Amino acid sequence: MPSTNLNSMERLPTVSVITVVLNAVAVIERTLQSVVSQDYPHLEYIVVDGGSTDGTEKLIGQYSHRISRWVSEKDGGIYEAMNKGAAMASGEWILFMNGGDVFAKSDVIARTFSGLAWKEADVIYGDGVICHEGYRIVERAPDHITLTDGNGFSHQSSFMRTELQKQYGFDVTERIAADYDLFLRLYKDGKVFRRADVVISEFFTGGFSNLPPGQTIRLRHRVYTKHFSRAWWILYLRLARLAAKNAARGLIPAAAWERLKRLRDRNRFLSDDSRPS
């Protein structure tokens with residue numbers, strides 16, 4: 001944690017971290033441990049379980065003394081659960097760290113709010129680490145937000161003012177793109193997005209929103225054009241790029257393709273010595 005005196009730490013805002021989960025007994029404990037181990041003096045932790053039947057609820061109960069509030073009941077899906085968690089939150093800022101995902105280090109929240117003029121922001125976002133089948137790659141968030149080609153950051157790596165989260169909320173009709181829809185609405189209304197130079201989260205591929213790239217882009221395109229009539233062609237350029245990539249993939253032997261991918265990612269690849277812990 002950065003060196004800060006007691007008075008400066010007392011001036012930091014209360015942060016509500018919300019975990020929504022359903023039947024994730026194999027991975028939920030790493031999320032619980034990650035959140036409760038945050039070295040931050042003003043932390044509220046809320047867990048919303050969708051009525052798990054695989055032992056997840058029992059594991060949550062073992063951490064109940066470290067959780068500010070938790071419920072276990074059926075709901076209408078992940079975004080309804082996230083809205084429910086936000087309604088319970090009393091902190092000034094809110095972050096969603098869902099089942100299986102973790103903070104990159106134990107001082108992430110302290111570093112984010114100790115080293116940033118957070119009073120001037122509505123959304124604070126940072127880098128994330130994508131974890132997939134044995135390798136980890138840093139997803140570097142853009143310095144300036146445009147949102148015309150996707151978030152550029154994940155919801156696990158973004159803090160939002162709680163009052164805005166409650167005011168805008170997630171559109172539960174957006175099955176997997178409600179976070180992008182929310183950020184677009186905030187962006188459209190002129191809210192201030194500010195980047196923190198912090199690797200905030202590690203998130204694992206293969207979750208409920210793990211779709212083929214083309215389908216993901218089409219979903220984001222639909223959400224984008226719902227709010228903006230201009231610049232839609234940028235997403236089509238991304239689709240054309242994806243089509244060209246897929247065509248090339250069909251012509252290049254698998255081993256050579258994998259080598260090209262490794263070469264492309266080498267500057268973002270986290271070695272064992274530089275991985276967040």
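What share of the contacts in the protein chain with a separation of 6 or more is accounted for by residues 24 or more positions apart? The share is 75%. The legends below describe a predicted model.

**Figure 1. Overview of the protein chain in the predicted model.** The chain contains 10 helices and 9 strands. It has 277 residues, of which 47% count as buried. The exposed area of the protein chain is about 14000 Å², and carbon and sulfur atoms supply 50% of that area. Across the whole structure, a search finds 13 salt bridges; several of them appear in the close-up views that follow.

**Figure 2. Surroundings of glutamine 38, in the loop between α2 and β2.** The loop lies between α2 (28-36) and β2 (43-49). Glutamine 38 counts as buried because its relative accessible area is 6%, below the 20% cut-off. Its side chain reaches the backbone nitrogen of valine 108 at 3.4 Å. With residues up to four places away in sequence left out, glutamine 38 touches Leu43, Phe103, Lys105, Ser106, Asp107, Val108 and Ile109. Val108 therefore appears both in this list of contacts and as the residue whose backbone nitrogen the glutamine 38 side chain reaches, around a residue that is buried.

**Figure 3. Salt bridge between glutamate 73 and lysine 84.** The closest N and O atoms of the two residues are 2.9 Å apart. The pair links distant parts of the chain, with glutamate 73 in the loop between β3 (69-72) and α4 (78-88) and lysine 84 in helix α4, 11 residues apart. Glutamate 73 counts as partly exposed because its relative accessibility is 40%, which falls between the limits of 20% and 50%.

**Figure 4. Lysine 226 with its partners aspartate 171 and glutamate 174.** In the salt bridge of aspartate 171 with lysine 226, the closest N and O atoms are 3.6 Å apart. This pair joins distant parts of the chain: aspartate 171 is in the loop between α6 (162-168) and α7 (178-188), while lysine 226 is in helix α8 (residues 213-227), 55 residues apart. Glutamate 174 also forms a salt bridge with lysine 226, where the closest N and O atoms are 2.9 Å apart. Here too the pair links distant parts of the chain, from the loop between α6 and α7 to helix α8, 52 residues apart. The accessibility of the participants is as follows: aspartate 171 is partly exposed, with a relative accessible area of 23%; lysine 226 is partly exposed at 40%; and glutamate 174 is buried at 3%. Side chains of opposite charge can pair when their charged atoms come close.

**Figure 5. Salt-bridge network that includes Asp181 and Arg185.** Salt bridges link Asp171, Glu174, Asp181, Arg185, Arg222 and Lys226 in a network. Two of its members, Asp181 and Arg185, are among the buried residues of α7.

**Figure 6. Helix α7, a mostly covered element.** Of the 11 residues of α7, 9 are buried. These are Ala178, Asp179, Tyr180, Asp181, Leu182, Phe183, Leu184, Arg185 and Leu186. Just after α7, glycine 190 adopts a positive phi of about 80°.

Conventions
Residues numbered from 1 in each chain as written. Predicted model: local features only at pLDDT ≥ 70, side-chain atom pairs only at ≥ 80, totals over all residues. Heavy atoms only, no water. Helix = DSSP H or I, 4+ residues; strand = E, 2+ residues; numbered from the N terminus. Buried < 20%, exposed > 50% of the residue type's maximum accessible area, 1.4 Å probe, protein only. Polar contact = N/O pair within 3.5 Å; in protein donor to acceptor, adjacent residues only side chain to side chain. Contact = heavy atoms within 4.5 Å. Salt bridge = Lys/Arg side-chain N within 4 Å of Asp/Glu carboxyl O. Areas by Shrake-Rupley, 256 points an atom, 1.4 Å probe, with all protein chains shown as cover.
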